[in-house]
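User: I'd like a close look at one part of this model. Could you take me through how the helices pack and what sits around that packing?

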Amino acid sequence: MSVKQINARLIWIQRGEYFCDGNIAAEVENGNLLKMLLRLDDLLEKQEMSLHEKI
């Protein structure tokens, strides 16, 4: 997933909570939220490293 896709999915999860209580909890329990956050961390770390290489 790209940063843009992760952002869209996080918004979708948060909005889903409005219509269905427990939506965020379900994403935590099934591990999807953790996977997305770890992927986001990896992408941002790579982006930061490439910025430092350009300097």
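Analyst: Here is a walk through the helix packing, then the residues beside it, and finally an aromatic pair.

Keep in mind that this is a predicted model. Let's start with helix 1, which covers residues 3-19, and helix 3, which covers residues 32-54. Their axes lie 10 Å apart and make an angle of about 150 degrees. Anything over 145 degrees counts as roughly antiparallel, so helix 1 runs roughly antiparallel to helix 3. As for handedness, the two helices cross in a left-handed way.

Which residues do the meeting? On the helix 1 side you have Val 3, Ile 6, Arg 9, Leu 10 and Ile 13. Across from them, helix 3 brings in Asn 32, Leu 33, Met 36, Arg 39, Leu 40 and Leu 43. Sort the residues of this contact by character and you get 8 nonpolar, 1 polar and 2 charged.

Now for helix 2, residues 23-29. Two of its residues are worth a stop. Glu 27, found in helix 2, has a relative accessible area of 7%, so it counts as buried. Skipping neighbours within four places in sequence, Glu 27 touches Arg 9, Trp 12, Ile 13, Asn 32 and Leu 33. Look back at the helix 1 and helix 3 contact and some familiar names turn up: Arg 9 and Ile 13 are on the helix 1 side there, with Asn 32 and Leu 33 on the helix 3 side.

Asn 23 also belongs to helix 2. With a relative accessible area of 15%, Asn 23 is buried, because the cut-off for buried is under 20%. Again leaving out neighbours within four places in sequence, the contacts of Asn 23 are Trp 12, Ile 13, Gly 16 and Glu 17. Trp 12 and Ile 13 are thus among the contacts of Asn 23 and also among those of Glu 27.

On to the aromatics. The structure has 1 aromatic pair. In that pair, the ring centres of Tyr 18 and Phe 19 are 4.9 Å apart and the planes sit at 85 degrees, so the arrangement is edge-to-face. Both partners are out in the open: Tyr 18 is exposed at 69% relative accessibility, and Phe 19 is exposed at 71%.

One last stop is Met 49, which is in helix 3. Met 49 is partly exposed, with a relative accessible area of 47%. From Met 49 to Phe 19 you count 30 residues in sequence, and their C-alpha atoms are 39 Å apart in space.

Technical notes: Residues are numbered from 1 along each chain as its sequence is written. This is a predicted model: local features need pLDDT of at least 70, side-chain atom pairs count only at pLDDT 80 or more; totals for chains, interfaces and linings use all residues. Side-chain values use heavy atoms; hydrogens and water are left out. Rings of Phe, Tyr and Trp (its six-membered ring) pair if their centres lie within 6.5 Å; planes under 30 degrees apart count as stacked, over 60 as edge-to-face and the rest as tilted. Buried means under 20% relative accessible area, exposed over 50%, partly exposed in between (1.4 Å probe, protein chains only). Helices (H or I, at least four residues) and strands (E, at least two) are DSSP runs, numbered from the N terminus. Contact means heavy atoms within 4.5 Å. Axes are lines fitted to C-alpha atoms, for helices over the stretch in contact, and angles run from 0 to 180 degrees between N-to-C directions. Angles under 35 degrees count as roughly parallel, over 145 as roughly antiparallel, 65 to 115 as roughly perpendicular and the rest as oblique. A crossing is left-handed if the near helix is turned anticlockwise from the far one by less than a right angle, and right-handed if clockwise. Ala, Val, Leu, Ile, Met, Phe, Trp, Tyr, Cys and Pro count as nonpolar, Asp, Glu, Lys and Arg as charged, and the others, Gly among them, as polar.
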